[in-house]
Amino acid sequence: MATQDIFEKLKKLQTILVKKYELEQKKEEAPKQLGSQEELLARMKKEYIEKNNEYEDVKTKVGQLKLELDEAVKSREKGEKGMDDIQTHREYEALEKQISEATEKENEVRKELQKEEKLLEEIKETLKINEDMIASQESDLASSKDSLNKELSSYDSELTKLKKDEDKITPDLDQEILFKFQRIIQRNSEGIVAVRNGVCTGCHMILPAQFANLVREGDSINFCPYCSRILFYEESGDEDTYNSYFSLEEAGSLTDLDDDFGDEEGYDEDEREEKLYEDNEELENEEDEDLDEDAEEAEDEEDDERSEEEEEE
């Protein structure tokens with residue numbers, strides 16, 4: 001099979017594979033959309049169970065308080081009835097104490113009972129709200145699952161069609177090239193790209209001139225050394241400009257530039273070296289003179305400071 005035919009098949013296959021991998025990714029991620037809904041429903045059910053347990057505890061406590069209240073009322077009423085039959089002062093004091101304690105107990109229990117009954121009613125109302133929310137969430141989840149199943153079914157239908165189109169192309173391709181091509185598309189969504197003006201349009205890196213010419217010839221399958229994509233040559237409108245700038249045959253070397261420089265100045269190699277040596281020597285002499293001047297200035301400053309100290313003494 002001619003290389004150009006392989007390129008055309010790879011381009012068609014690339015369109016198919018990009019769509020295929022996109023659908024496979026959507027199919028894999030689709031169930032995750034239900035994860036948050038299922039997690040929310042599970043949390044709501046857990047909170048409902050905890051609240052219901054609290055409701056049962058308060059309900060039990062209310063029952064106990066009602067019994068205590070009933071006993072306190074009976075004790076108070078019994079004491080009040082006994083007042084009619086008392087004969088001694090001691091019996092009167094005993095009954096009065098019994099009535100007082102029973103009344104105090106009755107008031108305390110009644111107050112506590114009212115508090116717990118109010119709490120019980122609030123919990124009951126909360127449970128009702130939670131039940132409605134759970135029912136609504138279950139309905140939404142069921143609807144989402146139904147929608148997801150239809151979506152997955154649609155993905156499967158499209159993937160089946162794409163697989164048939166893929167099977168029409170892949171048998172004629174080299175399996176090693178096909179394997180690399182599929183791996184590249186999974187990473188970059190493009191497995192075959194054009195070379196324009198010596199630049200890979202996939203990673204936008206400038207290719208070595210010799211390699212770019214090899215791609216231009218189109219006699220073999222070549223992979224970009226930078227991004228590993230398969231390359232094919234594509235003409236561009238500014239091809240002549242590119243060739244005029246980057247032709248290796250017409251470009252001069254650094255040696256030629258050096259020779260031009262030498263000719264322009266009128267120096268041969270020995271004269272340039274001698275001049276360079278003289279310039280360096282002159283520069284060193286100037287640096288020595290600067291150092292001597294700095295040393296003299298520092299010495300003068302020390303003498304002045306010493307004289308001032310002597311005068312002060």
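Which residue lies over the face of F232? Keep that in mind as you open your viewer, and remember on the way that this is a predicted model.

**Stop 1: the whole protein**

Start with everything shown as a cartoon. You should find 8 helices and 4 strands. Trace the chain from its beginning and the elements come in the order α-α-α-α-β-β-α-β-β-α-α-α. Now switch on the surface: the protein exposes about 22,900 Å², and carbon and sulfur atoms supply 46% of that area. Of its 313 residues, 26% count as buried. Among contacts with a separation of 6 or more, 71% join residues 24 or more positions apart.

**Stop 2: a pair of rings**

Select F7 and F232 and show their side chains. The structure holds 1 aromatic pair, and you are looking at its two partners: the ring centres of F7 and F232 are 6.1 Å apart and the planes meet at 45°, so the pair is tilted. Colour the elements they belong to. F7 sits in helix α1 (residues 3-29) and F232 in strand β4 (residues 230-233), so the pair ties together parts that are 225 residues apart in sequence.

Are these two rings buried or exposed? F7 counts as buried because its relative accessibility is 3%, below the 20% cut-off. F232, with a relative accessible area of 11%, is buried too.

**Stop 3: charges over rings**

Stay with F232 and add K11 to the selection. Here is the answer to the opening question: K11 lies over the face of F232, at 3.9 Å from the ring centre. Next, select K180 and F223. K180 lies over the face of F223, and the distance to the ring centre is 5.2 Å.

**Stop 4: the largest nonpolar core**

Select L10, L13, L17, L173, F181, I192 and I230. The largest nonpolar core has 41 residues, and these are the ones that touch the most other members. Which elements each supply at least two residues of this core? They are α1, α2 (32-82), α3 (89-169), α4 (175-188), β1 (192-196) and β4. The most comes from α3, which gives 13 residues.

Zoom in on I230 and show what surrounds it. Setting aside neighbours within four places in sequence, I230 is in contact with F7, L10, I177, F181, G191, I192, V193, I221, N222 and F223. You have already met F7 as a partner in the aromatic pair, and F223 as the ring under K180.

Apart from this core lies another one, of 11 residues; V195, V215, C224 and L231 are among them.

**Stop 5: E166**

Now pick E166, which lies in helix α3. Is E166 buried or exposed? With a relative accessibility of 5%, E166 counts as buried. Show its contacts as well: leaving out residues up to four places away in sequence, E166 touches L13, I16, L17, K20 and Q182. Two of these names, L13 and L17, were in your selection at the previous stop.

**Stop 6: S75**

Finish in helix α2, where you will find S75. S75 counts as partly exposed because its relative accessibility is 26%, and partly exposed covers values between 20% and 50%. Beyond residues up to four places away in sequence, S75 touches Q98 and A102. Try the distance tool between the C-alpha atoms of S75 and Q98: these residues are 23 apart in sequence and 7.5 Å apart in space.

How values were computed. Residues numbered from 1 in each chain as written. Predicted model: local features only at pLDDT ≥ 70, side-chain atom pairs only at ≥ 80, totals over all residues. Heavy atoms only, no water. Phe/Tyr/Trp six-rings, centres within 6.5 Å; stacked < 30°, edge-to-face > 60°. Buried < 20%, exposed > 50% of the residue type's maximum accessible area, 1.4 Å probe, protein only. Lys NZ or Arg CZ within 6 Å of the ring centre and 35° of its normal. Core = buried A, V, L, I, M, F, W, Y, C linked by side-chain atoms within 4.5 Å. Contact = heavy atoms within 4.5 Å. Areas by Shrake-Rupley, 256 points an atom, 1.4 Å probe, with all protein chains shown as cover.
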